[in-house]
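Subject: The model you asked about

Hi there,

Here is the structure I promised to pass on. Have a look at it first, and then read on for my notes.

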Amino acid sequence: MPLQTRGSAELDKAQRRLAGLKSINPNLDLGYGLTIDFYSEQIETLRAALEKHNQMVAELDASRKTLDELDRAMANLSGRMLSAVKIKYGSNSKEYSQAGGTIRKGTIPTPSFPADNAEMLMTIAPKIPSNGNGRKATTA
């Protein structure tokens, strides 16, 4: 939930009061430092602080949105990285486990071979006769 900007009921009331006091006398001095100028300065101080606060809230909200976007992008990238490890090494390999994947219990670990050794694997693997459509040829 984004932070809410805020207003000030006291600021609104003070601005109305200032207008009323000025209608009595634009240079009103009530003694003890209570002057129209002092009251105006204090109103301006609160107004400026409130404006600064609301600006910071807006910037923080924008920063939160940026962080949320980056967080979603990182989750996506992390998933893609794990999927790529799964594709390259297999879902039951130690590399998949090292990358954070979960190996199901009761499965036989898939031996992992670097992609560089793919040609070597092809020479080691037994040649299974094929009928050309990807199925084992039957001999009958």
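Below is what I found, starting with the overall layout and then going through a few residues.

Please keep in mind that this is a predicted model. The protein chain has four helices and zero strands, so in order from the N terminus the elements read α-α-α-α. Of the chain's 140 residues, 13% count as buried. The accessible surface is about 11600 Å², and carbon and sulfur atoms account for 57% of that. As for contacts between residues at least 6 apart in sequence, 30% of them join residues at least 24 apart.

**Helix H2**

H2 covers residues 36-89, which makes 54 residues. How far apart should its ends be? At 1.5 Å a residue the helix should span 80 Å, and the end C-alpha atoms are 78 Å apart, which agrees. Its buried residues are Ile36, Ile43, Leu50, Asn54, Val57, Asp61 and Val85. Helix H1 (9-24) and helix H3 (94-98) are included in what covers them. Just after H2 comes glycine 90, with a positive phi of about 105 degrees.

**The nonpolar core**

Which residues make up the largest nonpolar core? There are seven of them: Leu11, Ala14, Leu18, Leu28, Ile36, Ile43 and Leu50. At least two of these residues come from H1, and at least two from H2. In soluble globular proteins, nonpolar side chains tend to be buried together. For a closer view of this part, try alanine 14: setting aside neighbours within four places in sequence, alanine 14 is in contact with Tyr39 and Ile43.

**A buried asparagine**

The buried part of H2 also has polar members, and asparagine 54 is one of the residues listed there. Is asparagine 54 buried or exposed? Its relative accessibility is 18%, and because the limit for buried is under 20%, asparagine 54 counts as buried. One of its side-chain polar atoms lies 2.8 Å from the backbone nitrogen of arginine 6. Apart from neighbours within four places in sequence, asparagine 54 is in contact with Thr5 and Arg6.

**Salt bridges**

The count of salt bridges comes to six. Here are three of them that you can find along H2:

- Arginine 47 pairs with glutamate 44, with the closest N and O atoms 2.4 Å apart. The two are three residues apart in helix H2, which means a separation of about one helical turn. Both are partly exposed, arginine 47 with a relative accessible area of 30% and glutamate 44 with 39%.
- Arginine 64 pairs with aspartate 61 at 2.7 Å, N to O. They too are in helix H2, three residues apart, or about one turn of the helix. Arginine 64 counts as partly exposed at 30% relative accessibility, whereas aspartate 61 is buried, with a relative accessible area of 18%.
- Aspartate 68 also forms a salt bridge with arginine 64, and here the closest N and O atoms are 3.1 Å apart. Aspartate 68 and arginine 64 are four residues apart in helix H2, about one turn of the helix. Aspartate 68 counts as partly exposed at 32% relative accessibility.

Which residues are linked in a network of salt bridges? They are Asp61, Arg64, Lys65 and Asp68.

**An arginine in a loop**

Past H3, please look at arginine 104, which sits in the loop between H3 and helix H4 (118-124). Arginine 104 counts as exposed, with 57% relative accessibility. Its C-alpha atom is 7.4 Å from that of asparagine 92, a residue twelve places away along the chain. Not counting residues up to four places away in sequence, arginine 104 touches Ser91 and Asn92.

Happy to go through any of this with you.

Best wishes

Key. Residues numbered from 1 in each chain as written. Predicted model: local features only at pLDDT ≥ 70, side-chain atom pairs only at ≥ 80, totals over all residues. Heavy atoms only, no water. Expected span 1.5 Å × (residues − 1). Buried < 20%, exposed > 50% of the residue type's maximum accessible area, 1.4 Å probe, protein only. Contact = heavy atoms within 4.5 Å. Core = buried A, V, L, I, M, F, W, Y, C linked by side-chain atoms within 4.5 Å. Areas by Shrake-Rupley, 256 points an atom, 1.4 Å probe, with all protein chains shown as cover. Salt bridge = Lys/Arg side-chain N within 4 Å of Asp/Glu carboxyl O. Polar contact = N/O pair within 3.5 Å; in protein donor to acceptor, adjacent residues only side chain to side chain.
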